[in-house]
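Please open the model in a viewer with residue selection enabled. The stops below proceed from one sheet to the next.

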Amino acid sequence: MSTGNLFADADAPVQGERFETLLTHKNLVVERILSSAATVPMEYVQAQDEWVALLQGEATVEVAGETIELRAGGYVFLPAGTPHTVRRVSQGAIWLAIHLHQAPTPSD
């Protein structure tokens, strides 16, 4: 059994983001992301599906060319291969990201 608190030791970095893996199990990875307002926008395109929730703060994300405003409690599902960029984020924003990797295919 593993326990913790999403808000413990949650100081944002001076610049950029800090990614912490909280759980890895089979094809699932759960991350906590701590953001600084001094984050340079970077486009991500991932091979896995991702569901991300903003637990604290505010952010503007661009998903496949569409601008989405998120506040604490907001979430978005990003299918594999979807380009997405965090355009603006408040200092100390806390995210919870759930990555769903494809399950390995059984060998014949």
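The tour that follows visits two sheets and one residue at a sheet edge.

This is a predicted model, in which local features need pLDDT of at least 70, side-chain atom pairs count only at pLDDT 80 or more, and totals for chains, interfaces and linings use all residues. Residues are numbered from 1 along each chain as its sequence is written, and side-chain values use heavy atoms, with hydrogens and water left out.

Select first the open sheet of five strands, ordered E1-E2-E9-E4-E7 with antiparallel pairing. Strands here are DSSP runs of E with at least two residues, numbered from the N terminus, and two strands pair if DSSP finds at least two bridges between them. E1 and strand E7 (75-78) each have a single partner strand, so one side of each lacks a neighbour in the sheet.

Next, select residues 49-56 and 93-100: these are E4 and E9, antiparallel strands joined by seven bridges. Within this pair, Trp 51 stands opposite Ile 98 of E9.

Move to Leu 23, in strand E1 (residues 17-25). Its relative accessibility is 40%, so Leu 23 counts as partly exposed (between 20% and 50% relative accessible area, 1.4 Å probe, protein chains only). Beyond its neighbours within four places in sequence, Leu 23 is in contact (heavy atoms within 4.5 Å) with Leu 28, Val 29 and Val 30.

Finally, select the open sheet of four strands, E3-E8-E5-E6, again with antiparallel pairing. Strand E3 (43-44) and strand E6 (66-71) stand at its edges. Two bridges join E3 to E8 (residues 84-89); in E8, His 84 is the bridge partner of Tyr 44.
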